[in-house]
Structures are given as C-alpha cells and as structure tokens.
Protein chains: 2
Amino acid sequence: MAITLPAPREAARRRLLDVLRREGPLARVEIGQHLGMSPASVSDLTAGLLDEGVLVSEEAGDTGPVLIRGRPKVRLSFASDLGCVIGVWTGFNRIELRLVDSAGRNQASRHVERPLRSLGAEDLMDVLAETISTFAQDAGGPPVKAIGLACQGYVDTRDGVVAWSPVLGARDLPLAAGLNQRLGRPVVIENDASAMAFAIAQRDPALRSGRTACLMIGDGVGLGFLVQGELYRGARSGGSEFGHVRLRRSGPQCRCGGRGCIEAFLADYALHRDAQLIDHRPAPAVLIPSEDAMNAIVAQARAGDTALLNLFREAGEVLGDAAGILIQTLEPDHIVICGPGTRAMDLLRPSFEAALESQTIPELRSLATIHVVESSMDILTEGVVMQALREMDLDLARLKAA
Amino acid sequence: MAITLPAPREAARRRLLDVLRREGPLARVEIGQHLGMSPASVSDLTAGLLDEGVLVSEEAGDTGPVLIRGRPKVRLSFASDLGCVIGVWTGFNRIELRLVDSAGRNQASRHVERPLRSLGAEDLMDVLAETISTFAQDAGGPPVKAIGLACQGYVDTRDGVVAWSPVLGARDLPLAAGLNQRLGRPVVIENDASAMAFAIAQRDPALRSGRTACLMIGDGVGLGFLVQGELYRGARSGGSEFGHVRLRRSGPQCRCGGRGCIEAFLADYALHRDAQLIDHRPAPAVLIPSEDAMNAIVAQARAGDTALLNLFREAGEVLGDAAGILIQTLEPDHIVICGPGTRAMDLLRPSFEAALESQTIPELRSLATIHVVESSMDILTEGVVMQALREMDLDLARLKAA
DNA sequence: GATAATTATTTCCTTGCTCGAACAATAGCG
DNA sequence: CGCTATTGTTCGAGCAAGGAAATAATTATC
C-alpha cells in the first residue's frame, strides 16, 4: 500500500505543494510559471494529487465576474478534509499555540502562561501534551494530523531530540518521541530561531534566494541560516547556537553558565536585569520580563535616561559585532534582525552600525542587505507549522485516510 | 561545433571525471561503485568520453599476471595528450608554481622569491604572467591548457575578480581576465584558504562528507568551508574573510588596518613582529618572515622563553575562540587546522583547547572532530589546480584540439 | 446570436537518462 | 573441456519532462 514514488517525482511534488501553500490557490499554468515547468508536466503531477484527494479543483463560479476573455483558470487548492496541524512554541514561561489547516491558513491560536523550566523531563512532556490536546479540543474543527514544536536550544531535528536547552533545563531530551507517544501524532521539532527564519522567508521571496542569516532577538538570541530558502543543517541536523558565542571575555552572566555571550547583552532577560541593576534594585526573580516591563525600559531610555541609553548602546555594539562575524564568515546576501528585541532598534541602531562598519570589509559588508523585521513570537508557530506541513507533504494521502 | 550536453548528463560527467582523477585509473565497474550507478550507465557515459579522446583504455597487458578469474578489468584513464594545467599561489613575497597533467599527476614545481605588494595592478599582472610563462617554457612537456591561481583576500571566483586583498594591495582587480589576456589561456582564481581546504579534502574521504571548516594559518589566517566536499560559496561566490574577524577589541595591529583580528595574533608576520617587540628590537622591515626565522622563534619558545610562550599561549587562545565561533555558528563535522602555522601546534594546543572548551556547548563541540594537518603552502597549488581541472572538465575535448 | 479571439488544459509524441536482463568476453579451476 | 566468476556491452523498458497541436471554455465584438 505504501506507494514509493521515484526521487525526482517526489522532489517535484514537494516543490509543487510548497508553492501552492505559499501562494495560495493557483491554476496549473501559474504553477508552471512559478516552478519553471511546462503546463504539461504540471498537469501530469496534479493529476496524481487530485486523484489521491490531496488537491481539489476550485469551483468554477466562486471567483465572481471574469474580466479577461479566454478559458477561465481553474485554481487548485488543498482539499479541505486533509486535517490540521498544530504549531507550538515553548518559551521560558509561555506556550504559544496555533492551529492551521493543510493549506497553511490559520484557524485558531492561543497562548498559555506556564513556566516550564522547573519541570523534569517526563512532567515537561506531560504538560506540553496536555496543553496541546486541550487546545486541539477547544479549537474543534478538523482532526489534527501532526504537531510542529519550536523551542530554544540546540535541537536535533532529524532525530527529534533537544540536545541542549538551558531554558527547558534539558539535555538529550527525546521530545518528539515523547510527544508522539502521548499524542499519537507525528511531531516535528525545530530550533525557534530557525523556525522564525523559515517563516519570515516564506513571506519575502528575496530572502529565499541566496544566503540569509536571520538573527532573532527575544527571550534569547538565536540564528537561523537559510541557503536558497532551505534551512542550513549542521552535523546533527540542528541549527547553530550562535547566541552563545562569547564576544566579551569578561562580560555579563549568561543563563548558559558562561559570560559575555551575545545573548547576555541582547536578550530581554539580560536587558531587564541590567536595567534593574542600574537602579540598584535587586536582580529580578522572574527571568523573563513581561512585554510591558520591556516597553517601560525602552520608553525610559527614549526619554533620555543616560544609563539605560548606555545599556542599549553596548547591546547595539554587540549586535553589530555579531552581524559582522556572520558577514565575514558566511558572506550572506541578507542579514535579518527580527524578534521582539527589534522594539528597541532605534536605540540599538547607531552603535550597531558603527560596530558593523568598524569590523567588516566594505566589499563584503556591502553585499549584505540588512533587514529589520519587527516580529513577535507568534510568527514562530507559523514557521514550525510550515516545517511540519512540509514533512507531511509526502504522506498527505495516507494521513487523510488515518 | 559547441556540443551542449543536457544538464544531468553534464553533472554525471563531472562526477565521473572527479572520481577518476581522485582515485586514479578505474575499471567501469569500479566507477559504478564509486558513483552508485549501474555499469550500463557508466559504459554509456564513458563511451562518449572515449570517443572524444578524453579518456583512454589501459593496455591489456600492463597489469602483469591476473590473479582473479573472470573477464579482466579494463581500467580507464585520462588521455596523455590532453595537456597540462599550471597551479599558482601568490604569497606576499613568494610565488609557488606547479605543473600538473590532466589526470592530476604532478610534473614540475618551482617557487620564486618575488615581492608583489609594491606593484600596481598592471605591473602585478605583467609579473605574474611572465613568471608563469617562463615556468611553462622551462618545464617543457605538453602544452598548458589552463591556469589556476590561489591568492589571499576576498576573491570572486565566478567573475575572476580579486575584490579585496591587503597583500596584493588590490581592490576589484580583474585578475583572471588580465592573466587570460596576457597568457591566452583560461584562468581560474580562488581564495588560498579555500584552495587548501579543497586540496586537503581530496586526500581524506572523511572530510568530503558533512561540513568541514578548514582554518589555514600561515602568512595570514583564512577559512575554507566545505559542505559535502564542495566549497561553500557566499553572495559573491567567494569564501569568507574569517581571518579578519575582530576577536579582541583593542588587540594588535592587523595588516588590514584594523585591530585585534584573528590573524593579527596567529599569522607568521604577527608572531614574528611581536617576538621582535618582546626583545625590544625595532619592528622588522620584512613583513613576511622566512621559514627559518619562524622556526627559530618556535625553538626559542620550546626552550622555555616565557615571554614567547606567553605569545603562543595568547595565539592559541585566539585560535580556540575562532574554532569555537565556527562550531557555534556552522555546527561542523570537522574542524581542520592546517598551514605552516601548525608547526607550533604543540605550543598553541593547551590554550587552544582551554579556550575552545570554555566557550562551546559540549553537545556541539563533541560533534566536531578536530584535525591538525601539517601542510606547507605548496599543497595550495594542488588545490587550485584541482579547481582549474574541474572547470576544464566540460571542455576537455575542445581544449585538447586547441 | 454567430464568430473571432484568447487562454487553459490535455493528448500525444519525442528526447534523454538510467537501469535490469540477457549476452559476450575472458580467465582460473578442476 | 566444461564450469564458474567477473567484466563489459547491448537492448529494451520505465520514467520524467518538454513541445506541438488539438481541444475546451470562455468573452469580446460585430
């Protein structure tokens, strides 16, 4: 029963479903233009997918009055009965959830305040599984076919293992298998910065060509690196732990245990902590400050608080150094700075640009376009859902039946 | 006359010639095993190449008595009349040359002492062209079909332009075109660290799988990064300028104009200069010290000179930091440390390992195998020759006629 | 309302790559 | 002198992909 498709066919199928999910319902000719294939080949491919019930032809009448003459386009879209996918992001004390149908359309979302760190491995997985299934039940709708989960730390995507995560307090945690066991659905896990990089690149075609290094600033600092729109995978199929590169030998404390890591200057918890220290207040108990608390710090700095301005100046400098390292190492076409940390980009920018300029070769620096993408963490779930959907693509017909 | 091969055929041809050059004469079945193709397909491919005169069948008798039964293997090899390729490396005050036949066998080599920095663009290219053609004449033998040149700096391989090189004192120098014009032969240029990485990986199959970051220490410090045996290419098809990543904000002067770059601690010129300064001698006039001078410094340190030991300790620390950044950014399977600078590896190693350990996550660090490959600069010409040969592979038949 | 124009899709055919199966060639071995 | 092991060749099938032309489905225009 398991129909094994030949490799080229399979790759073509993937590309087709990718473009259809990204660009919405498309006619066969349009798919052909996107993929650089002849309409004949597209017809051939789509025939199989229509046959399997993965795709459906759009009803003729629902596009309203047609203004061009000629035979009207028949757009193809994902079948509505393919089921849904849940995307999850686990922060330090928050879980973001999102339900998406197989075409990539958002159906429901929620976020839950819940500290995860103190839990052991089994409890952690229990809590996650329960949160996810509650969300699925509340959302109702079509059955959930797969789960994608983004989390901080060094994630082995292929084997579904969180190899290292200071936030989850985990080492070699077989998270995908554990959740799969509890939920009875396939689970894909991914580093959160990689997921965000992927999601952002889905929205901007320019970022899908060439090499894109995506620095996410938020609870921590992470890097997602894309080559021709695909996530770069290292030796253990994870992303990098760029946030824990040590840039100042005797810098502030990082939650990884080291000192002077990039994120020890830029992450929300670091900025919040150092802001408290400036005011001679005790270091805060909550490691992850609220959005309001962060906004307050930024506002105070914008009002002219010199000590805080200094803090952001130094953070910007570290960001510039980090971007400089990426430029001199990876020779990227695009540098994207994203995540909640971009809320203070106006404060970071002067020192960021100065640092970047002082340590990169102009010939290399000028190749890389700097993009600042203001993005909250909920886009993350979008990214990891995309990943899960792509993983499913080859099994859609089978999953439909299940 | 220009026979355009379809893309898959072309790729298959490349792979076949690659493996034949690397593994020496091979029978069709053996090629099939290396490439994972059926003998039938290999026969089909080689038929064309034999027809064009690119390959020849080995004479039957010259393997001596056959000890296995069955139809004897007929090994295929590159035709001997395909001509040669010259590989060149330009150092600060030295030019290395090497003549190689199309099968990759070394035929002659030479090195010339010649400072290149003070020359202008035109003079530089004149000198190089003259040196190359003199070498070709002296070496005699089959006609030279192409030239591969490795040089320091940021090299755009696709367009053949040296975008930036403090050693050559060049900016946007169209070196490949200039030499092509003077020599009438196709010229391929490459960053020297990339060329060395490629050459080293040709010798060790392990380095051709997964991701290999190759740090070359010598006149300067460079990085060659390989993914599945192929050189990583950035936005402008060059490698990186990793040697000019600034690791210490107020470190020693670098020849790029900045301060605290990786190579300002590790390159021969930097170690030599700082050794002179320790002895309160004036900074040396010659920027690139001789091999003897470097050996003397190393010997003096090994004898217990504390100031020099300190110098190497600090250099090792920077090397560890550099490797740490690579590990946390690229998640490589292999880190190779190579080049003349490995002569002092015993002095660098303790602080190298301490620094590496103190700033990398164990889960990531343990993935990467550290290789120290003692290699002088002449292996470089090998690497760039390989590149040039590969560039030629599609035109071999045409070049044979020319 | 008939006809022309236009666009989408399908059908059919060709090309090119790869592989499996059958077959030829060759040499050791009993 | 068969038998067997191994290599290499030939031929045909299968498959992907593209192009030409036929077909289908509309709308604009007269």
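In this predicted model, B:Ile217 touches B:Leu266, B:Leu319, B:Ile337, B:Cys338, B:Gly339, B:Pro340 and B:Gly341, leaving aside residues up to four places away in sequence. B:Ile217 belongs to strand β12 (residues 211-217) of chain B. Its relative accessibility is 1%, so B:Ile217 counts as buried. One of the residues touched, B:Ile337, is 120 residues from B:Ile217 along the chain, yet the two C-alpha atoms are separated by 7.4 Å.

**Salt bridges**

Over all chains, the structure holds 62 salt bridges. Three of them are listed here.

| Pair | Closest N to O distance |
|---|---|
| A:Arg98 and A:Glu382 | 4.0 Å |
| A:Arg343 and A:Glu291 | 3.2 Å |
| B:Asp268 and B:Arg343 | 3.1 Å |

The pair of A:Arg98 and A:Glu382 links distant parts of the chain, 284 residues apart: A:Arg98 is in strand β5 (residues 94-101) of chain A and A:Glu382 in helix α13 (residues 378-392) of chain A. Both A:Arg98 and A:Glu382 are buried.

A:Arg343 sits in the loop between β15 (334-339) and α11 (345-358) of chain A, and A:Glu291 in helix α9 (residues 291-302) of chain A, so their pair ties together parts 52 residues apart in sequence. A:Arg343 is buried, with a relative accessible area of 15%, whereas A:Glu291 is partly exposed at 43%.

In chain B, B:Asp268 lies in helix α8 (residues 268-278) and B:Arg343 in the loop between β15 (334-339) and α11 (345-358), so this pair ties together parts that are 75 residues apart in sequence. B:Asp268 and B:Arg343 are both buried. Elsewhere, salt bridges with shared partners join A:Arg246, A:Arg249, B:Arg248, B:Arg313, B:Glu317 and B:Asp321 into one network.

**Chain arrangement**

Chain B is superposed on chain A by a rotation of 180° with 0.0 Å of shift along its axis, at an RMSD of 0.2 Å. That is the relation of a two-fold axis. The same surface serves both copies, as 100% of the contact residues of chain B recur in chain A. B:Leu247 is the residue of chain B that comes closest to the rotation axis, its C-alpha being at 3.7 Å.

**DNA strand C**

Around DNA strand C there are 25 residues, of which A:Ser43, A:Gly70, A:Arg71, A:Lys73 and B:Ser41 come nearest. Of the strand's atoms within 4 Å of the protein, 69% belong to sugar and phosphate. A side-chain N or O atom of A:Ser43 is 2.4 Å from a phosphate oxygen of DNA strand C, and a backbone N or O atom of A:Val74 is 3.2 Å from a phosphate oxygen of the strand. For B:Arg71, a backbone N or O atom lies 2.8 Å from a base oxygen of DNA strand C.

Key:
Residues numbered from 1 in each chain as written. Chains lettered and ligands numbered in written order. Predicted model: local features only at pLDDT ≥ 70, side-chain atom pairs only at ≥ 80, totals over all residues. Heavy atoms only, no water. Least-squares fit on C-alpha atoms with pLDDT ≥ 70 in both. Contact = heavy atoms within 4.5 Å. Near = heavy atom within 4 Å. Polar contact = N/O pair within 3.5 Å; in protein donor to acceptor, adjacent residues only side chain to side chain. Helix = DSSP H or I, 4+ residues; strand = E, 2+ residues; numbered from the N terminus. Buried < 20%, exposed > 50% of the residue type's maximum accessible area, 1.4 Å probe, protein only. Salt bridge = Lys/Arg side-chain N within 4 Å of Asp/Glu carboxyl O.
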